[in-house]
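Biologist: I would like to learn how to read a structure like this one. Could you walk me through some features, one at a time?

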Amino acid sequence: MAESPTILVIGPRWVGDMVMAQCLFSALRELHPNAAIDVLAPAWAAPLVKRMPEIRQQVELPLKSGALEFRTRRRFGRLLRGHYDMAYIMPGSWKSALVPFFARIPRRIGHLKEMRYGLLTDIVPLPDQVKRRTAQAYFGLAQGGTFRAPRLAIDTENQAALLGRFGLEANKFVALMPGAEFGPAKRWPSERYAGLAGDMMAKGFRVALFGSKNDAEVTAEIATLAPGVVDLAGQTRLEDAIDLIAAARLAVSNDSGLMHVAAAVGTPIVAVYGSTSPENTPPLAEQRELVWLGLSCSPCHQKICPLGHLNCLKTLEVSQVAAAAERLLEMPAAA
C-alpha cells in the first residue's frame with residue numbers, strides 16, 4: 001500500500017449518519033496521515049463535508065434517493081478508474097458497492113450486509129452488539145485508529161451575520177429541533193415542545209425552532225402554541241443551521257440529524273427518544289441528557305407506532321424534559 005493512498009468513501013444518505021461518518025474519517029486520517037480522502041455523497045451533504053477537515057473533496061453522484069440506476073453507477077464507476085487505491089463502503093446496500101466495483105478500486109472495504117461477495121475485497125465483521133450502533137459500526141470499518149466523536153468546524157463570520165439577521169444572541173437562546181425525517185414515531189408531540197418553549201422563555205431565553213421545509217408544518221404549530229418563538233424551519237441552509245446551533249446555550253431534539261449536528265458543534269443537548277434507543281444512536285456530546293421512557297414496546301425502530309398509541313412519546317411530560325434541560329443549564333456555558 002502506498003504511503004499516501006487515495007481513498008474514496010461511499011457516504012451515507014442521512015444527515016445524522018453523515019455526521020457520525022466523521023468517526024471513520026478521523027480514524028482513516030490517523031491511520032493514513034498523508035492520504036487523500038474523498039467522499040462520494042449527494043449534493044445536500046456538501047455543507048457537512050466542507051466542515052470536516054479530514055476530507056479533501058466531495059464527489060457528487062447524481063442519483064435519485066433509493067434508486068438503483070445500474071447503468072449510471074456503472075458509467076460513473078468507469079470514470080473513476082485509476083483514481084483510487086482504496087474504497088470504504090459505509091452503506092450496507094448492494095447497490096452502494098457498485099461504483100467502487102466498476103471503478104476497479106483494488107481494495108473495497110465494507111460490512112457484508114446484502115451478501116456483497118465479489119463486490120467487496122475486504123469484508124469487515126459486524127458484531128451483533130454493534131449493528132444498530134451506527135457511529136461504532138462506521139468506525140469499525142477503519143480496523144484501527146482512535147474513536148473520536150464528530151467535530152464540525154464553525155464559520156464564525158456566517159454565524160455572526162445570522163445571529164444579527166434573526167435577532168439572536170450567542171448563548172442567550174435555546175435551539176429546539178422538533179422534526180425527524182424518519183417518521184412520526186421519533187417526534188415528541190408539538191404541544192410538548194410548545195410547553196418546553198414556554199418554560200425556556202420564562203427563564204429568560206429566546207427560543208429558536210430549527211428544521212427543513214419538511215418540518216415547517218410542525219414548527220408552525222409550535223409557534224402558534226408558543227407565541228414569541230423564532231421559527232427558522234425552511235429559512236436556513238444546512239450550513240446556517242450548523243453555525244446557529246453552535247451559538248445556542250442549549251439544544252433539545254428528537255433522535256434526528258440535527259441532534260447529531262448539535263453534538264458535533266459542542267452545544268449541550270437534550271435528546272428525546274421514542275421508537276429508537278439512546279443506547280444505539282446517542283448524541284456524541286460531552287454535555288448531554290438522554291430522555292427515554294424505555295417502555296416494554298420500545299424500541300420498535302418503526303416509522304409509525306405499530307400499536308397506534310405512540311405512548312413512548314405522548315406520555316413523556318414536559319417536566320421530564322425541562323428537568324433534563326435544567327441540569328445542563330446549571331453547567332457553565334461553553335466559551
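Modeller: Gladly! Let's start with one residue: W94 sits in the loop between β4 (86-89) and α5 (98-102). Keep in mind that this is a predicted model.

Biologist: Is W94 buried, exposed or partly exposed, and why?

Modeller: Buried means under 20% relative accessible area and exposed means over 50%, with partly exposed in between. W94 has 35% relative accessibility, so it counts as partly exposed.

Biologist: Which residues form a nonpolar patch on the surface with W94?

Modeller: L68 and F70 join W94 in that patch, and together the three have about 250 Å² of accessible area.

Biologist: Now sheets, please. What holds the strands together in general?

Modeller: Strands of a sheet pair through backbone hydrogen bonds, and the pairing is either parallel or antiparallel. Here, six strands make an open sheet with parallel pairing, in the order β3-β2-β1-β4-β5-β6. Its edge strands are β3 (57-60) and β6 (122-123), each of which pairs on one side only.

Biologist: How many bridges link β1 and β2?

Modeller: Five: strand β1 (residues 6-10) runs parallel to strand β2 (residues 36-41). To find the register, look at I7, which is opposite I37 in β2.

Biologist: Which strands does β8 pair with?

Modeller: Strand β8 (residues 206-209) pairs in the parallel sense with strand β7 (residues 173-177) over four bridges, and F173 faces R206 of β8. Two bridges also join β8 to strand β9 (residues 230-231), again running parallel. There, A208 has V230 in β9 as its bridge partner. Between β8 and β9 the chain passes through helix α9 (residues 216-225), giving a right-handed β-α-β crossover.

Biologist: Where does A216 belong, and how accessible is it?

Modeller: A216 lies in helix α9. Its relative accessibility is 30%, so A216 counts as partly exposed. For a sense of distance, A216 and R56 are 160 residues apart along the chain, and their C-alpha atoms are separated by 34 Å.

Biologist: Last one: how do I read the sides of a helix?

Modeller: Check which residues are buried and where they point around the axis. In helix α7 (residues 156-166), the buried residues include N158, Q159, L162, L163 and F166. These cover an arc of only 135° around the axis, so they lie on the same side of α7. The other side of α7 carries T156, E157, G164 and R165, which are exposed.

Definitions and conventions:
Residues are numbered from 1 along each chain as its sequence is written. This is a predicted model: local features need pLDDT of at least 70, side-chain atom pairs count only at pLDDT 80 or more; totals for chains, interfaces and linings use all residues. Side-chain values use heavy atoms; hydrogens and water are left out. Patches are made of residues with over 30% relative accessible area and no salt bridge: like charges are joined within 9 Å, nonpolar side chains (Val, Leu, Ile, Met, Phe, Trp, Tyr) within 5 Å. Accessible areas come from the Shrake-Rupley method with a 1.4 Å probe; for residues, only the protein chains shown count as cover. A salt bridge is a side-chain nitrogen of Lys or Arg within 4 Å of a carboxyl oxygen of Asp or Glu. Buried means under 20% relative accessible area, exposed over 50%, partly exposed in between (1.4 Å probe, protein chains only). Two strands pair if DSSP finds at least two bridges between them. A crossover is right-handed if, with the strands pointing away from the viewer, the path from the first strand over the helix to the second runs clockwise. The arc is that of the directions from the helix axis to the C-beta atoms.
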